[in-house]
Amino acid sequence: MSIVQLPSMDMYWSTDYMFGNLFIPNIMPRDRFDKLLQYFHANDSTKNQPRDNPRHDRLHHKRPIMDIVKKKCVDEYQPHQNTSVDEALIAFRGRLGFRQYLPAKPTKYGVKVWMSADSENGFANEFDVYTGKKGDETNARYGLTTRVVLNLTRSIANKNHIVNLDNYFTSFQLFEILKRQSTYARGTAQSNRKEFPARLLHPKCVKNQGDVKIVQRGKMVAYAWKKKEVIYFLSTADDPTEVGAQVPGRQKDGTQRQVQSPSVV
């Protein structure tokens, strides 16, 4: 089926001249295949906790295969220094208790997967399927986004890697924890994050396109940079004295000119 792809599953057993497939019906009847597909799983159901137990695993039927794949992804590949953590969505519109609706994504309905990928080539180092809130979360004293990043970067801890994030994950608490693990981080930041420097939030902090203001506390550096709007950054991986590349910026009259950016960009 991965080689000969048809629009629907039933077409593999079709007697239609156009869609008929002689190979698959000779292996097993359609109804037999449907029943195997309906009940197929790769784990012992009796070992899973009841649904009302906080330790109940919604992916118990697939957990052994997923664990093997995740271990291979870590063991067989040495990632580059820069890695990125973000969420991905596997398209799915069927009945599923942890199906997500993400209106900002091109595919809006599906299974949400937290992923850590190599910034050089997109290789997925680690991943974790989001099945909803659980009662036995590792690092439960932290918020969801902090737990996600810590769980996905365990294999690269204490190796001087750099984790790149968007403003959904970026926080002072997370960056401090990663720094103690000799893992550095950078990312766009939300201005209302706890501990974000108030002096960078003043309306006249950065007036003109290309202006940048920087506040530093130890290895932690916060930036306010104006391109079209003001963008905030947080980093423990960049030298605040270094200047970054010039990037195209649109003017009010519609023309474009090169705009100086800080190194974190």
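How much accessible surface does the protein have, and what share of that surface belongs to carbon and sulfur atoms? The accessible surface comes to about 17,100 Å², and carbon and sulfur atoms account for 51% of it. The model on display is predicted, and the tour below moves from the whole chain to single residues.

**The whole chain**

Begin with the complete protein in cartoon view. The secondary structure consists of 4 helices and 11 strands. Orient the C-alpha trace along its principal axes; the spans are about 70 × 45 × 35 Å. The radius of gyration is 24 Å, whereas a compact globule of 265 residues would have a value near 18 Å. Colouring by accessibility will show that 35% of the 265 residues count as buried. Among contacts with a separation of 6 or more, 44% come from residues 24 or more positions apart.

Next, select the charged side chains. The protein carries 41 positive and 27 negative side chains. The centres of these two sets lie 6 Å apart.

**The aromatic cluster**

Now display the aromatic rings, of which 10 pairs are present in the structure. One of them joins Trp 114 and Tyr 130; this pair is edge-to-face, because the ring planes stand at 70° and the ring centres are 5.9 Å apart. The two residues belong to distant parts of the chain, 16 residues apart: Trp 114 is in strand β3 (residues 109–118), and Tyr 130 is in the loop between β4 and α3. Both Trp 114 and Tyr 130 are buried.

Keep Trp 114 selected and add Tyr 168. How are the rings of Trp 114 and Tyr 168 arranged, stacked or edge-to-face? Their planes are at 15° and their centres 6.4 Å apart, so this pair is stacked. Here too the pair links distant parts of the chain, with Trp 114 in strand β3 and Tyr 168 in the loop between β5 (162–165) and α4 (172–180), 54 residues apart.

Accessibility separates these two partners. Trp 114 has a relative accessible area of 2% and is therefore buried, while Tyr 168, at 33%, is partly exposed. To complete the view, add Phe 169: Trp 114, Tyr 130, Tyr 168 and Phe 169 form one aromatic cluster.

**Thr 131**

From Tyr 130, step to Thr 131, which lies in the loop between β4 (124–129) and α3 (144–152). Is Thr 131 buried or exposed? Its relative accessibility is 9%, so Thr 131 counts as buried. Show the neighbours of Thr 131 as sticks: leaving aside residues up to four places away in sequence, Thr 131 touches Arg 58, Leu 59 and Phe 98.

**Two residues with positive phi**

The last stops concern the backbone. Most residues other than glycine have a negative phi. Select Asn 160, in the loop between α3 and β5. Phi of Asn 160 is near 65°, a positive value in a residue other than glycine. With a relative accessible area of 41%, Asn 160 is partly exposed.

Then move to Glu 195, placed in the loop between β6 (184–189) and β7 (212–217). Where does phi of Glu 195 fall? The angle is near 75°, again positive in a residue that is not glycine. Glu 195 has a relative accessible area of 46% and is thus partly exposed.

Methods: Residues numbered from 1 in each chain as written. Predicted model: local features only at pLDDT ≥ 70, side-chain atom pairs only at ≥ 80, totals over all residues. Heavy atoms only, no water. Buried < 20%, exposed > 50% of the residue type's maximum accessible area, 1.4 Å probe, protein only. Contact = heavy atoms within 4.5 Å. Rg over C-alpha atoms; globule rule 2.2 N^0.38 Å. Areas by Shrake-Rupley, 256 points an atom, 1.4 Å probe, with all protein chains shown as cover. Lys, Arg positive; Asp, Glu negative; His and termini not counted. Charge placed at Lys NZ, Arg CZ, Asp CG, Glu CD. Phe/Tyr/Trp six-rings, centres within 6.5 Å; stacked < 30°, edge-to-face > 60°.
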